[in-house]
Amino acid sequence: MKAKKSVGFIILDVFYIVMAILPLAFGLVLDILTTPKSSGGVTIAGARIYYELELFEGTRFFNIIISEAQVNSVLVILTILFVCLFLTHGLKEKIELKRQHLAEIIVEKVDALVSENMGRDFSGFPPFIIAIMALSGLSSLLALLGLYPPTSDISIVGGWAILVFALITYYKLKCGPIYYAKGFLQPVFILAPINVIGEFATPVSMAFRHYGNIMSGSVISVLISAFLAWASNLVFGAITSLPILQVGLPAIFSLYFDIFSGCLQAFIFAMLTMLNISTAFDADEYYRRKKKRLEKKLKK
């Protein structure tokens, strides 16, 4: 028998749902108010800049820029936060809510994914991995609402890649800085310059792979829409001015470019994150050094 929800419980549920929708609604209103009037034709541009703070006079390199991509990224984070609060509201040992089933399925699947790809030494990584997938996937899906997807901005995806690179370096250094430095001399010391380049190529390739796929999908979608408008005017221009060919067809292409491709790239980025971090950690060497230090302490 299902437990009856109290009024306070229902009010809090409604609050979480409203707060999850509100950031997206704010993004839509902001987009409408700040979008300049179109002069016609195909327009492909990057994220609009809402505010720019000049720190040093005469140079733009160190300026602080608040762009459309950054604002939308914050809105996505807020939406994810309140969705998580809604899913975890009222959790009990004995499942009474359908949302708890969903929450537990998500946790179990991500735990299994991390365990399979990273091993037991990274049991604390599931929250980080699901956060990456949710942030990336929902950011790409913003295109369905007509908002600029943050994943189409290299600065956003590049920031994620830098964070992953910091974690890769951290786990490589767990075996000691000398062991880390020796890795650049393998298999022979003459390859050290190439190994150094390869070290920094990891975050660059991760960022550009994700950004390139999402951005190219957005560009292709715009070009297809423009072509359908031109073809509609060519075929049905004598009958009606309505873009008949644009009805329904862009939605079909959106299934791939905005939904499938966006979710696929989120999964790929998460997989690359797991593989790059786990392979950076030499577990055998780490435990060997740890055992050696323990033996020294016992001797003392």
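In this predicted model, the largest cavity is lined by S140, A143, P149, I214, G217, S218, F257, D258 and G262. The space inside comes to about 40 Å³. Two helices stand out around this cavity, since α7 (192-236) and α8 (249-280) each bring at least two residues to the lining. Sorted by class, the lining residues split evenly between nonpolar and polar, with 4 of each, and 1 charged residue completes the set.

That void has company: the structure holds 2 cavities of 30 Å³ or more. The second largest cavity contains about 30 Å³ of space, and its walls are made by M206, R209, H210, Q265, I268, F269 and L272. Here again α7 and α8 are the elements that give two or more residues to the lining. Of the contributors to the second largest cavity, α8 gives the most, with 4 residues. The class make-up of this lining is 4 nonpolar, 2 polar and 1 charged.

Next come the open spaces. The second largest pocket has a volume of about 850 Å³. A total of 32 residues line this pocket, and those closest to its centre are I80, C84, I130, A131 and A134. Four helices each put at least two residues into the lining of the second largest pocket, namely α2 (68-87), α3 (98-118), α4 (126-141) and α5 (154-173). The largest share belongs to α4, which supplies 11 residues. As for chemistry, the pocket lining counts 26 nonpolar residues, alongside 4 polar and 2 charged ones.

Stepping back to the overall fold, the protein has 9 helices and 2 strands. Read from the N terminus, the order is α-β-β-α-α-α-α-α-α-α-α, with the two strands following the opening helix and helices making up the rest of the run. The radius of gyration is 25 Å, whereas a compact globule of 300 residues would be near 19 Å. The C-alpha trace spans about 90 × 65 × 45 Å along the principal axes. Of the 300 residues, 32% are buried. Looking at contacts with a sequence separation of 6 or more, 66% of them join residues 24 or more positions apart. The exposed surface adds up to about 19,100 Å², and carbon and sulfur atoms account for 70% of that area.

A few individual residues are worth a closer look. S152 sits in the loop between α4 and α5. Despite that loop position, S152 has a relative accessible area of 3%, so this serine counts as buried. Beyond its neighbours within four places in sequence, S152 is in contact with Y211, I214, M215 and S218. Two of these partners, I214 and S218, turn up again in the lining of the largest cavity. S152 also comes within 8.4 Å of A47, C-alpha to C-alpha, although 105 residues separate the pair in sequence.

H89 offers another loop example, this time between α2 and α3. With a relative accessibility of 14%, H89 falls under the 20% cut-off and is therefore buried. Leaving out residues up to four places away in sequence, the histidine touches F9, L12, D13, Y16, L97 and R99.

E285, by contrast, is found in a helix, α9 (residues 283-299). The relative accessibility of E285 is 14%, which means that this glutamate is buried too. When residues up to four places away in sequence are set aside, E285 touches C175 and Y179.

Terms used
Residues numbered from 1 in each chain as written. Predicted model: local features only at pLDDT ≥ 70, side-chain atom pairs only at ≥ 80, totals over all residues. Heavy atoms only, no water. 1 Å grid on protein atoms, 1.4 Å probe; cavity = no way out; pocket = protein on both sides within 12 Å on 5 of 7 lines; lining within 4 Å. Points joined across faces, edges and corners; volume = space filled by probe spheres on them. Nonpolar A, V, L, I, M, F, W, Y, C, P; charged D, E, K, R; others polar. Rg over C-alpha atoms; globule rule 2.2 N^0.38 Å. Buried < 20%, exposed > 50% of the residue type's maximum accessible area, 1.4 Å probe, protein only. Contact = heavy atoms within 4.5 Å. Areas by Shrake-Rupley, 256 points an atom, 1.4 Å probe, with all protein chains shown as cover.
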